Amino acid sequence: MWLLKSSIGKKVVMAVTGIALILFLTFHCAMNIVALFSGEAYNMICELLGANWYAVAATLGLAFLAVVHIVFAFILTAQNRTARGENRYEVSTTVNGSNVVEKWASGNMLVLGIIILLGLLLHLYNFWYNMMFAEITGMTVAHSPSDGFAFIQDTFANPVFAVLYVIWIVAIWLHLSHGFWSALQTLGWSGKTWQCRIQWIGLIYVTLLMLGFLVVVLAFAFGCAPSLCEACCGGAAADCCQQAADCCKEAANCK
């Protein structure tokens with residue numbers, strides 16, 4: 001089959017799966033932003049998804065896309081190294097106008113991919129294992145499997161996890177800074193006029209996307225997420241504390 005045998009076909013598979021995963025990240029980021037402002041609304045989404053058949057089917061689909069993307073990435077990397085020999089570290093995909101971040105990322109995609117994979121395993125343990133998997137198997141966990149907000153609080157209250165997530169998010173940002181426009185180029189959206197534009201559009205998009213994830217992690221890590229006031233003050237933050245920021249910083253005293 002052409003998609004599996006030729007290097008161009010493999011790149012097409014990488015591009016399609018990569019774009020699909022970026023779309024999922026966009027949805028995931030929007031969902032996380034909800035948690036930033038309302039724990040109740042976030043848990044409603046978690047309960048809606050839960051271990052329902054459509055959520056399980058979507059999870060299996062995402063797992064398939066991720067595995068295909070990772071496997072093809074290793075195959076293409078091995079083929080490129082074999083073809084380039086001593087020049088395997090030379091980056092041939094850069095063009096005039098490429099920014100420094102994209103140039104560095106394009107030459108370190110495999111390393112970034114490994115970091116992202118390790119971060120994914122950590123993320124699956126902290127959330128998927130305690131939520132969907134716990135609901136499917138009926139195992140006992142620290143909170144209700146649909147109480148995703150509580151798991152967010154527990155995870156990012158741990159300084160080690162917070163730092164690891166920041167590193168993970170930065171690695172994803174670097175990976176996507178090259179992968180986004182590279183995928184569009186593979187699918188035929190290129191040319192002298194649009195090449196530089198696509199690179200910058202892709203960089204701006206993935207930067208905003210990753211900033212969304214980063215803000216959520218830092219807000220919960222430092223205890224300043226608006227939703228924490230709702231959780232600790234029962235939705236009456238004004239009565240509990242004079243300012244929302246004070247309520248978040250002194251959550252333990254606002255109960």
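Reader: pLDDT is the predictor's confidence in each residue, from 0 to 100. How many contacts beyond four places in sequence does the model have for residues 235-242?

Author: This is a predicted model. Where pLDDT is low, the predicted coordinates should not be read in detail. Over residues 235-242 pLDDT stays under 50. The contacts beyond four places in sequence that the model has for this stretch number eight.

Reader: Over which other residues does pLDDT stay under 50, with 19 contacts in the model beyond four places in sequence?

Author: The chain averages a pLDDT of 83, and 77% of the residues score at least 70. A stretch with 19 contacts beyond four places in sequence stays under 50. That stretch is residues 88-97.

Reader: In which helix is confidence highest?

Author: Helix α11 (residues 237-240) has the lowest confidence, with a mean of 44. At the other end of the scale stands a helix with a mean of 96. That helix is α7.

Reader: How many helices does the chain have?

Author: From the N terminus on, every element in the run is an α. The chain has zero strands. Its count of helices is 12.

Reader: What percentage of the chain's residues count as buried?

Author: The accessible surface comes to about 14,300 Å², and 68% of it belongs to carbon and sulfur atoms. The chain has 255 residues. The share of them that counts as buried is 37%.

Reader: Where is the kink in α6 centred?

Author: Helix α6 covers residues 109-137, 29 residues in number. A straight helix would reach 42 Å at 1.5 Å a residue, but the end C-alpha atoms of α6 are only 36 Å apart. The helix has a kink of about 55°. The kink is centred on tryptophan 128.

Reader: Which residue just after α6 takes a positive phi?

Author: Helix α6 takes in residues 109-137. Just after α6 comes a positive phi of about 80°. The residue that takes it is glycine 138.

Reader: Is asparagine 130 buried or exposed?

Author: Asparagine 130 is found in helix α6. Leaving aside neighbours within four places in sequence, asparagine 130 touches Tyr125, Val141, Pro145 and Phe151. Its relative accessible area is 16%, and buried means under 20%. Therefore asparagine 130 counts as buried.

Reader: What distance separates the C-alpha atoms of glycine 148 and tyrosine 42?

Author: Glycine 148 lies in helix α7 (residues 148-157). Glycine 148 counts as buried because its relative accessibility is 0%. Not counting residues up to four places away, glycine 148 touches Tyr42, Asn43, Cys46 and Met131. Glycine 148 and tyrosine 42 are 106 residues apart along the chain, yet their C-alpha atoms are separated by 7.3 Å.

Reader: Which element gives the most to the largest nonpolar core?

Author: The largest nonpolar core has 40 residues, and Met210 and Phe220 touch the most other members. The elements giving two or more residues to this core are α2, α3, α6, α7, α8 and α9. One of them gives 10 residues, the most of any. That element is α8.

Reader: How many residues are in the other core, apart from the largest?

Author: This core lies apart from the largest one. Among its members are Val13, Met14, Phe72 and Leu76. Its residues number five.

Reader: What share of contacts between residues at least 6 apart in sequence joins residues at least 24 apart?

Author: Phenylalanine 220 has contacts beyond four places in sequence that include Ala35, Leu36 and Phe149. For the chain, take the contacts between residues at least 6 apart. The share joining residues at least 24 apart is 69%.

Conventions. Residues are numbered from 1 along each chain as its sequence is written. This is a predicted model: local features need pLDDT of at least 70, side-chain atom pairs count only at pLDDT 80 or more; totals for chains, interfaces and linings use all residues. Side-chain values use heavy atoms; hydrogens and water are left out. Helices (H or I, at least four residues) and strands (E, at least two) are DSSP runs, numbered from the N terminus. Buried means under 20% relative accessible area, exposed over 50%, partly exposed in between (1.4 Å probe, protein chains only). Contact means heavy atoms within 4.5 Å. Accessible areas come from the Shrake-Rupley method with a 1.4 Å probe; for residues, only the protein chains shown count as cover. The expected span of a helix is 1.5 Å times one less than its number of residues. The bend at a residue is the angle between axes fitted to the seven residues ending there and the seven starting there. A nonpolar core is a set of buried Ala, Val, Leu, Ile, Met, Phe, Trp, Tyr and Cys residues joined through side-chain atoms within 4.5 Å.
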